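Visitor: Please show me the chain, and then explain the terms used to describe it.

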Amino acid sequence: LFQLYTTATTLVLVFPQFFLLAYCVYISERTSSSEIFRRYPRCLWFVVITASTEGYGDTVPTSALGRILASVTIIWGFILVSMIIASLVKHFALTDIEDSVVKYHLYCQKVVRLQEVSVRIVQTAFRRHRWRIADGPKLDRESRWQKEVLWNRKLGKLIMQQKELQSSMFWDHFIYTDE
């Protein structure tokens, strides 16, 4: 039952203890001079606010037992919040099949990106070749050299992108397969 309904079970097991802590604060503080803790709903409000770690500071127990109970309430609030968060994380976590589908989708996106970069490399190399034939001889030596440097930088960046994608896909192969 706990594995099926972790959040609901957590709430059912924990919230009745708030009522118990509020009753204990009510009993321990009823002899104090403070009027705030003489009514049970105010004690319950104190416990809820203290457990949520909000603690406005407007109500403070005066007896030693009341302060100990307030400390227990604070610790219990931390435990409650962590249990609720853990159960919600477990509830919304991906299953193994969903996780593998997401990883495969990301891998497919990298394949498409690699294809796009490879096409851009071929197009850039072709444009460079076409430029060398058509416009290269018309330029003086310095201008041709500067233009050649620009083409080489552009091709170099594209090739580096291609290499990075290939290496990441190489390592992804070990992650996405059981081989």
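Guide: Among contacts in the protein chain between residues at least 6 apart in sequence, 61% join residues at least 24 apart; contact means heavy atoms within 4.5 Å. This is a predicted model, in which local features need pLDDT of at least 70 and side-chain atom pairs count only at pLDDT 80 or more, while totals for chains, interfaces and linings use all residues. Residues are numbered from 1 along each chain as its sequence is written, and side-chain values use heavy atoms, with hydrogens and water left out.

Visitor: What makes Cys43 buried or exposed?

Guide: Buried means under 20% relative accessible area, exposed over 50%, and partly exposed in between (1.4 Å probe, protein chains only). Cys43 has a relative accessible area of 0%, so Cys43 is buried.

Visitor: Why is Cys108 called partly exposed?

Guide: Because its relative accessible area is 27%, which lies between the two cut-offs.

Visitor: How many disulfides does a search of the whole structure find?

Guide: Zero. A disulfide is a pair of cysteine sulfur atoms within 2.5 Å, so the search found no such pair.

Visitor: Which helix holds Thr124, and why is Thr124 called buried?

Guide: Thr124 lies in helix H4, residues 96-134. Its relative accessible area is 3%, under the cut-off, so Thr124 counts as buried. Leaving aside neighbours within four places in sequence, Thr124 is in contact with Trp151, Lys154, Leu155 and Leu158.

Visitor: How many helices and strands does the protein chain have?

Guide: Five helices and zero strands, in the pattern α-α-α-α-α along the sequence. Helices (H or I, at least four residues) and strands (E, at least two) are DSSP runs, numbered from the N terminus.
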